[in-house]
Number of protein chains: 2
Amino acid sequence: MALIVQKFGGTSVGSTEKIKAVARRVTAYQQQGNQVIVVLSAMSGETDRLTGFAQDIQEIPNRREMDMLLSTGEQVTIALFAMAVKEGGSDAVSLLGDQVAIRTDDMHTRARIKNIDTRLIQKHLDAGKIVTIAGFQGVTEEGDITTLGRGGSDTTAVALAAALKADACEIFTDVDGVYTTDPNICTKARKIDRISYDEMLELASLGAKVLDIRSVGLAKRYNVPLHVRSTFSENEGTWVVEEDKIMESMLVSGVTYNKNEARITIKHVPDQPGIAAKIFLPISDAGIMVDMIIQNTRDSHLTDMTFTVMRSDYARAIELLKEVADEIGAESVSGDKNIAKISVVGVGMRNHSGIASTMFQILAKEGINMEMVSTSEIKVSCVIAEKYTELAVRALHDAFALDKENMPAEEE
Amino acid sequence: MALIVQKFGGTSVGSTEKIKAVARRVTAYQQQGNQVIVVLSAMSGETDRLTGFAQDIQEIPNRREMDMLLSTGEQVTIALFAMAVKEGGSDAVSLLGDQVAIRTDDMHTRARIKNIDTRLIQKHLDAGKIVTIAGFQGVTEEGDITTLGRGGSDTTAVALAAALKADACEIFTDVDGVYTTDPNICTKARKIDRISYDEMLELASLGAKVLDIRSVGLAKRYNVPLHVRSTFSENEGTWVVEEDKIMESMLVSGVTYNKNEARITIKHVPDQPGIAAKIFLPISDAGIMVDMIIQNTRDSHLTDMTFTVMRSDYARAIELLKEVADEIGAESVSGDKNIAKISVVGVGMRNHSGIASTMFQILAKEGINMEMVSTSEIKVSCVIAEKYTELAVRALHDAFALDKENMPAEEE
């Protein structure tokens, strides 16, 4: 007998017919002798409806009241789901975040889970019930309702799986797993069967559509096996697991791209201690996130500083940096909005130095210039001109043979 | 400084524009130096939407899950209302039944309030906030959400007023008060300024559209002054208060009618102890409510038994009673669906024996035959043929001069 947490997103429970279908699927799984906890999102469209009401009323909706409002969406779904299970002849009970209780801090609309009391859930499981729990919501020590922000239902599911020491957490969605790259731009993209937490974290932009990245971090921390799969088929999806549970790691797991960033360069910065802080403090004070940062030594006392920001922050960042450049005596601030970041990810590259050079060769062969390069333990990222994005992704996908299954990493 | 509970029904908060208007009105009232607790219903249409979902899923929706589902309606409204107050520059906080806590028994979909913890409300009031509370809902000792059934938000408002010893409970609705009779059939119907709890209870059918009768009983028990008034005007409505707070009681306060009942007669029932129980037990076992009961002695050992049931229960009641009649050796079971019950209500009649006879004279003058008569301390009811309903109501309204204000009851 396994204990499984199953999470279904908004499109999976977008109508009463779909809720009934999910109830049948979960019930069948329980009847095979498993214990099941079902975490549900709001019906698709519901959160938009409620947000629309709020925007009619308050320009910047009060965060506590926003949580009071939005948390009703999941409450509706779990009640209907429990009815659907009962109509099918099995037993179910719905529980809200505060009934469980899922305790969070008091950062309304983006709260973090502090702890989960599993006793009530365990009691209902022991009584043979399917326990359905509202995703996305928790409760503060003072009894105020909170929500967990974007992708919150995934976080609820993983946190419950961790607290209950469940055998797995299954995330049901409208795609059938995580792919080696975006199938929309590379027809050879292949569904990944097993991938490590670290790779999944680095593949954030591929996974974002199917799995909230915060929940992957949580799953890694508590070692919860994650299974991303389709609501609309019985096929296995992608398992996200500990690295040593993957028999044969791929050299490279996936190729991702990101078109939401812009590059900024400050030239001829005096190369002295504390200069980087002077540049980045006004940026972070303005709430602007910086991604890649590269510093090239130019000559003895001058350096060039290049980094990327979100494209929507580009104009503001340039403006701020021109002031800074004057202050510190740098030569110029320039940048480029039309860039893309291409990344190659894989735990296999830990033991294989050839990945970066292969990547550079492939891009060079296609005549694509690299504006920036950065590497982490399991990722190599290059910034290129945006117009080459699709070409680069397809070429790299081919070069690393990602369309072939189980090409194991070779030890050097 | 007064402490007032104000309750707004679904049509009063049926859109974001209406919610903003209510927020402005309540805020203005608070700024006059009052403390205000606002009890809200679900936006009109919302409960139907949710009920529709439930009916799609479960033939007889599970009561606990129905409460989980329906209680979201009021939660949405209080969150939006609190935002609207804040947008207007004042402070507000929304609270759910379980946050307050409003403790109920565990009779889901028709729970009764056991007690209310006023501490959290008092804390927020003391901090200068408008406190808005979800109507219709409570929580069991075990933490399950309950709803209070039909008219539940009125009950919430009155119970809160009682628990907080508020100066008054104002019920805002889409009509401007309680009338001496139905204005749709009697153009001379007049709005009543002040009426006693007991009269309001007897005038149930007049009040049903504006005020749940259960909340009147609660208001009487805890002596909470009730004010039924319009959301859409500043005019005073109808005050429902203790009898001795009404300076000049009317002889008669109102004339009501009820077309939802049917008459049943069992003839030649053996007149012996226990026979009534034999007749009514199968009826009550079938969940059929009996209203008026009249027993006429016919001759030494036989009696006729006549009573009324809801029209929708008529066929089933006749069927059950034919079996009973055979068993106990009664002669026949007959009935009439096309009847109306006309009632004249007023605390003035306690000291005035002439009301019933005036009523009989008026009906006789109009050629209306009375099929049944029953009286209580402050009410006289007659069953007549349904087709005479409007004629009888208008004639009685005229006869007791209900279109004239303040005709005091004369002591005999």
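A residue is called buried here if 20 or more other C-beta atoms lie within 10 Å of its own, with C-beta atoms placed from the backbone.

**Figure 1. Chain A as a whole, in a predicted model.** By that criterion, 48% of the 412 residues of chain A count as buried. The chain contains 13 helices and 20 strands, and its C-alpha trace spans about 75 × 55 × 30 Å along the principal axes. Because a compact globule with 412 residues would have a radius of gyration near 22 Å, the 24 Å of chain A agrees with that expectation. Among the contacts in chain A between residues at least 6 apart in sequence, 75% join residues at least 24 apart.

**Figure 2. The contact between chain A and chain B.** Chain A contributes 27 residues to this contact, and chain B contributes 28 residues. On the side of chain B that touches chain A, the elements giving two or more residues are helix H1 (16-31), helix H2 (46-57) and helix H3 (63-87) of chain B. The largest share of that side, 13 residues, is supplied by H3(B). In character, the residues on this side of chain B are 14 nonpolar, 8 polar and 6 charged.

**Figure 3. The largest nonpolar core.** This core holds 240 residues, of which Leu80(A), Phe81(A), Leu80(B) and Phe81(B) touch the most other members. At least three residues of the core come from each of domain 1 (3-174) and domain 2 (246-412) of chain B.

**Figure 4. The surroundings of Phe81(A).** Leaving aside residues up to four places away in sequence, Phe81(A) touches Ile19(A), Val22(A), Ala23(A), Val38(A), Leu40(A), Ser94(A) and Thr132(A).

Technical notes:
Residues numbered from 1 in each chain as written. Chains lettered and ligands numbered in written order. Predicted model: local features only at pLDDT ≥ 70, side-chain atom pairs only at ≥ 80, totals over all residues. Contact = placed C-beta atoms within 7 Å. Helix = DSSP H or I, 4+ residues; strand = E, 2+ residues; numbered from the N terminus. Nonpolar A, V, L, I, M, F, W, Y, C, P; charged D, E, K, R; others polar. Core = buried A, V, L, I, M, F, W, Y, C linked by C-beta atoms within 7 Å. Buried ≥ 20, exposed ≤ 12 C-beta atoms within 10 Å, placed from the backbone. Domains from an automatic or database assignment. Rg over C-alpha atoms; globule rule 2.2 N^0.38 Å.
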